Amino acid sequence: MVASKDGRIGTVIRAVPGSTLCVDIKWWHGADQYSRIPFKQVKLLGLTIEDRLCCRLPDASKQHGTLYKFTSNRRGKDGVMRTYPLVEGDRMLDSDWYWGINIKVLVNPKKGWQSKNFGVKLSKLPLVRAAQREGKSYVYIVEKVLGKSIDL
């Protein structure tokens with residue numbers, strides 16, 4: 001399970017019962033690697049209320065994700081099929097494509113993996129590639145670089 005607090009993202013290690021339910025979190029980045037935080041103060045990422053305690057995103061080392069390029073075929077008002085973005089000649093530049101990120105989320109062993117796609121604006125493409133080179137997880141890229149939430 002992945003959690004967020006104060007702009008940091010981490011993996012929930014375990015729930016700690018007591019007078020108030022707390023969770024132990026291993027942060028992905030930052031000085032203090034582990035924290036024990038009351039459950040109410042933590043935002044669980046990519047989980048519905050029903051799935052909060054049975055779902056998890058894969059660890060960064062086991063995470064499945066892909067940055068991909070694609071085109072779109074559309075029929076114009078004149079009835080002719082066109083491939084967008086419109087390009088004359090061969091597609092060689094980054095601007096000749098639409099870009100997206102696909103990540104796979106392990107819901108639980110019974111439901112298996114679910115796939116989510118997120119569009120990447122051309123202006124954010126260099127930031128995404130830099131995050132990939134630095135070894136950042138795809139959850140980090142989607143949440144922090146693209147500013148989108150992961151909802152199943």
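This is a short tour of a predicted model, moving from the whole chain to its helices and then to its nonpolar cores.

**The whole chain**

Start with everything shown as a cartoon. The protein has two helices and 10 strands. Coloured from the N terminus on, the elements read β-β-β-β-β-β-β-β-β-β-α-α. Now switch to a surface or a colouring by accessibility: of the 152 residues, 36% count as buried. If you like contact maps, look away from the diagonal as well. Among contacts with a separation of 6 or more, 49% join residues 24 or more positions apart.

**Helix α1**

Next, select residues 125-133, which form helix α1. Show the side chains of L125, V128 and A131, the buried residues to look at here. Why do these three sit on the same side of α1? They cover an arc of only 125° around the axis, and therefore share one side of the helix. Turn the helix over to find P126 and R133, exposed residues on the face turned away from the buried side. Following the chain onward from α1 brings you to G135, with a positive phi near 80°.

**The helix pair**

Keep α1 on screen and add α2, residues 138-145. Two numbers describe a pair of packed helices: the angle between the axes and the distance between them. Here the angle is about 145° and the axes are 10 Å apart. The crossing is right-handed. To see what makes the contact, select L127, V128, A131 and Q132 on α1, then Y138, I141 and V145 on α2. By class, these residues divide into six nonpolar, one polar and no charged.

**The largest nonpolar core**

Now widen the view. In soluble globular proteins, nonpolar side chains tend to be buried together. The largest nonpolar core of this model has 19 residues. Show L67, I101, I103, V120, V128, I141 and I150 as spheres, since these touch the most other members. Which elements give two or more residues to this core? They are β9 (98-108), β10 (112-120), α1 and α2. The most comes from α2, with five residues.

Centre on V128, which you have already met on the buried side of α1. Leaving out residues up to four places away in sequence, V128 touches L67, I101, V120, I141, V145 and L146. Two of these, I141 and V145, also belong to the α2 side of the helix contact.

**A second core**

For the last stop, select V23, I25, W27 and I37. They are among the six residues of a second, separate core.

Technical notes. Residues are numbered from 1 along each chain as its sequence is written. This is a predicted model: local features need pLDDT of at least 70, side-chain atom pairs count only at pLDDT 80 or more; totals for chains, interfaces and linings use all residues. Side-chain values use heavy atoms; hydrogens and water are left out. Axes are lines fitted to C-alpha atoms, for helices over the stretch in contact, and angles run from 0 to 180 degrees between N-to-C directions. Helices (H or I, at least four residues) and strands (E, at least two) are DSSP runs, numbered from the N terminus. A crossing is left-handed if the near helix is turned anticlockwise from the far one by less than a right angle, and right-handed if clockwise. Contact means heavy atoms within 4.5 Å. Ala, Val, Leu, Ile, Met, Phe, Trp, Tyr, Cys and Pro count as nonpolar, Asp, Glu, Lys and Arg as charged, and the others, Gly among them, as polar. A nonpolar core is a set of buried Ala, Val, Leu, Ile, Met, Phe, Trp, Tyr and Cys residues joined through side-chain atoms within 4.5 Å. Buried means under 20% relative accessible area, exposed over 50%, partly exposed in between (1.4 Å probe, protein chains only). The arc is that of the directions from the helix axis to the C-beta atoms.
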